[in-house]
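User: Please take one part of this structure for a close look, and then work outward from it into the surrounding chain and across to the partner chain. I would like a connected account with the backbone details kept in view.

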Amino acid sequence: MSTGITKRIIACLDVTNGRVVKGVQFLDLIDAGDPAELAHLHATSGADEIVLLDITATSDARPILIDVVRRTARKLFVPFTVGGGVRSLDDASALFDAGADKISINSAAIKTPQIITEIAERFGSQAVIIAIDAKRKPNATISSEGTVPAEVYLAGGRVATGLDAVEWAREAESRGGGEILLTSMDCDGTRTGFDCPLTAAVAKSVNIPVIASGGAGSGDHFVEVFKAGCADAALAASIFHFGIHDVRQLKAQLQGEGIPVRLPC
Amino acid sequence: MITLIDYKAGNLTSVRKALTFLGQESVVTDDPALVRDAEALVLPGVGHFCTTERLASSGVRDAVTEAIERGTPFLGICVGMQWQFGGSTEAPGTKGLALFEGACERFHTELKVPHVGWNQIHRTAAGENSRLLAGIPDDSFVYFTHSYRAPVVEGVSAVTTYGETFAASVERENVFGVQFHPEKSGDTGLRILKNFCDYAAERSAR
């Protein structure tokens with residue numbers, strides 16, 4: 001039976017100092033433009049959602065840039081997620097107040113997991129995305145049960161936690177997380193494709209949507225992550241910013257492959 | 001002037017922002033007196049059905065009922081629409097307004113719950129002349145995020161399918177409800193909100 005629901009294409013804006021930037025494997029940042037302009041551009045060309053991540057808020061130990069969020073949200077009428085440096089219910093409240101529909105938490109959720117429940121109880125689980133940055137364990141192979149050994153990192157990929165990605169995703173769900181944003185640190189910025197086995201392992205072990213992130217470089221990669229990776233949504237940044245791939249063109253390809261998508265009018 | 005009902009659950013900013021974009025003035029209140037005298041009411045909603053309990057204890061529920069009887073345009077969004085039904089199995093002790101028959105239940109499906117993302121709305125026969133959906137092409141995509149859904153009963157103007165078919169929108173005289181989030185559904189959603197604002201403006205001009 002057709003589920004009716006479409007696979008989502010999410011445009012991600014990595015922001016630092018109020019500007020959108022793009023790095024390779026979390027490093028070497030280059031300027032890609034203004035957040036509000038790019039968000040609007042992506043939404044108009046058919047992105048189903050926009051994610052804005054303040055990628056240096058946690059490492060700089062400063063709050064997220066509320067005015068950038070407010071400015072970006074003003075004329076954006078698709079779901080808008082903001083993350084980076086969310087440490088408390090108050091941080092989250094300020095972002096919702098500035099126009100975010102969902103917040104994404106990463107480091108704080110690992111350090112104090114009860115924050116997930118606190119925000120979910122106040123704003124609903126649908127508003128809480130758990131961002132997981134995961135790196136495959138060296139020399140580990142995929143077991144016959146389909147588990148994919150990967151370790152969770154925090155602070156924008158700077159600190160290893162010892163947590164297993166699948167286990168952490170399950171716990172985050174049980175604490176009230178509404179969606180998982182899974183970024184493969186191995187694939188991020190490489191444009192060689194998503195980590196489909198890891199995405200599938202997480203997607204099959206939770207009952208909430210999983211957004212795949214890291215590695216998008218072509219339309220084929222999205223086809224793979226929706227089919228083999230079992231992703232509910234896929235996120236990409238750089239390939240959209242520089243106009244290499246526009247969302248409309250990508251969705252036409254996905255539809256041609258039998259993947260249900262929302263085509264822009 | 002549209003009055004947005006604040007019941008301290010979830011996030012009113014997005015709806016307010018969309019109304020502002022449409023050139024529509026709005027105020028936010030939890031004061032029953034202001035709700036009773038409003039020109040038009042919008043009840044946004046996210047989260048748990050039990051949060052609507054506050055509407056009863058604060059007197060807002062009675063004010064809404066009075067306003068509806070007087071013909072005040074009323075739009076419920078998401079949990080705001082579910083509240084227009086008899087109740088929800090999410091919070092069995094909490095009563096809805098019972099303006100539409102039946103109660104909301106959790107999705108009966110093997111699919112992932114919550115139902116999150118863009119899905120299509122299909123008009124029912126009763127929805128052909130819907131004020132709220134005027135100018136909206138059939139099968140348009142809108143954004144949903146919910147775990148409980150309302151039954152397809154009299155007054156349902158459009159349905160959506162996710163493992164099963166459920167009420168996407170309801171409409172009866174001055175009462176409107178949408179399960180999806182028009183404030184997050186791009187141009188389609190803005191048009192739906194505009195339809196409500198236009199209806200509200202016509203009513204208050206009478």
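Analyst: Two strands are said to pair here if DSSP finds at least two bridges between them. The model is a predicted one, and the part taken for the close look is a hairpin of chain A in which strand β8 (residues 150-154) and strand β9 (residues 159-164) run antiparallel, paired over three bridges. Within this pairing, A:Tyr153 has A:Ala160 of β9(A) as its bridge partner. Four residues lie between the two strands of the hairpin, and A:Ala155 takes a positive phi near 55 degrees there.

A backbone detail of a similar kind occurs elsewhere in chain A, where A:Arg191 has a positive phi of about 60 degrees although it is not a glycine. This arginine sits in the loop that links β10 (179-184) to α7 (196-205) of chain A, and A:Arg191 is partly exposed because 16 other C-beta atoms lie within 10 Å, where 20 or more would make it buried and 12 or fewer exposed.

Moving outward to the chain as a whole, chain A comes to 10 helices and 12 strands, and 55% of its 265 residues count as buried. Among the contacts in chain A that join residues at least 6 apart in sequence, 65% are between residues at least 24 apart. The helices also pack on one another: the axes of α1 (residues 35-44) and α2 (residues 66-73) of chain A come within 8 Å and cross at roughly 35 degrees, in a right-handed crossing. At this crossing A:Pro35, A:Ala36 and A:Ala39 of α1(A) meet A:Val68, A:Arg71 and A:Thr72 of α2(A), a contact made up of four nonpolar residues, one polar and one charged.

In soluble globular proteins, nonpolar side chains tend to be buried together. In this model, the largest nonpolar core has 153 residues, and A:Ile50, A:Ile103, A:Ile132, A:Ile180, A:Val202, A:Ile211 and A:Ala234 are those with the most contacts inside it. Taking A:Ile211 from that list, and leaving aside its neighbours within four places in sequence, one finds it in contact with residues including A:Ile10, A:Glu179, A:Ile180, A:Leu182, A:Asp232 and A:Ala234.

Across the boundary between the chains, 27 residues of chain A are in contact with 32 residues of chain B, and the chain A side of this interface divides into 11 nonpolar, eight polar and eight charged residues. One point of packing between the chains involves helix α1 (residues 13-21) of chain B, in which B:Thr13, B:Ser14, B:Val15, B:Arg16, B:Ala18 and B:Leu19 are buried. The buried residues of this helix pack against α3 (89-97) of chain A, as well as against elements of chain B, among them β1 (2-5) and α6 (186-205). Just after α1(B), B:Gly23 takes a positive phi of about 80 degrees.

Chain B has further backbone details to set beside those of chain A. B:Cys78, which is not a glycine, has a positive phi of about 60 degrees and lies in the loop between β4 (74-77) and α5 (79-82) of chain B; B:Cys78 counts as buried because it has 25 C-beta neighbours inside 10 Å. Finally, the peptide bond from B:Val113 to B:Pro114 is cis, with omega near 15 degrees, and B:Pro114 is placed in the loop between β5 (105-106) and β6 (115-120) of chain B.

How values were computed: Residues are numbered from 1 along each chain as its sequence is written. Chains are lettered from A and ligands numbered from 1 in the order in which they are written. This is a predicted model: local features need pLDDT of at least 70, side-chain atom pairs count only at pLDDT 80 or more; totals for chains, interfaces and linings use all residues. Two residues are in contact if their C-beta atoms, placed from the backbone, lie within 7 Å. Ala, Val, Leu, Ile, Met, Phe, Trp, Tyr, Cys and Pro count as nonpolar, Asp, Glu, Lys and Arg as charged, and the others, Gly among them, as polar. A nonpolar core is a set of buried Ala, Val, Leu, Ile, Met, Phe, Trp, Tyr and Cys residues joined through C-beta atoms within 7 Å. Axes are lines fitted to C-alpha atoms, for helices over the stretch in contact, and angles run from 0 to 180 degrees between N-to-C directions. A crossing is left-handed if the near helix is turned anticlockwise from the far one by less than a right angle, and right-handed if clockwise.
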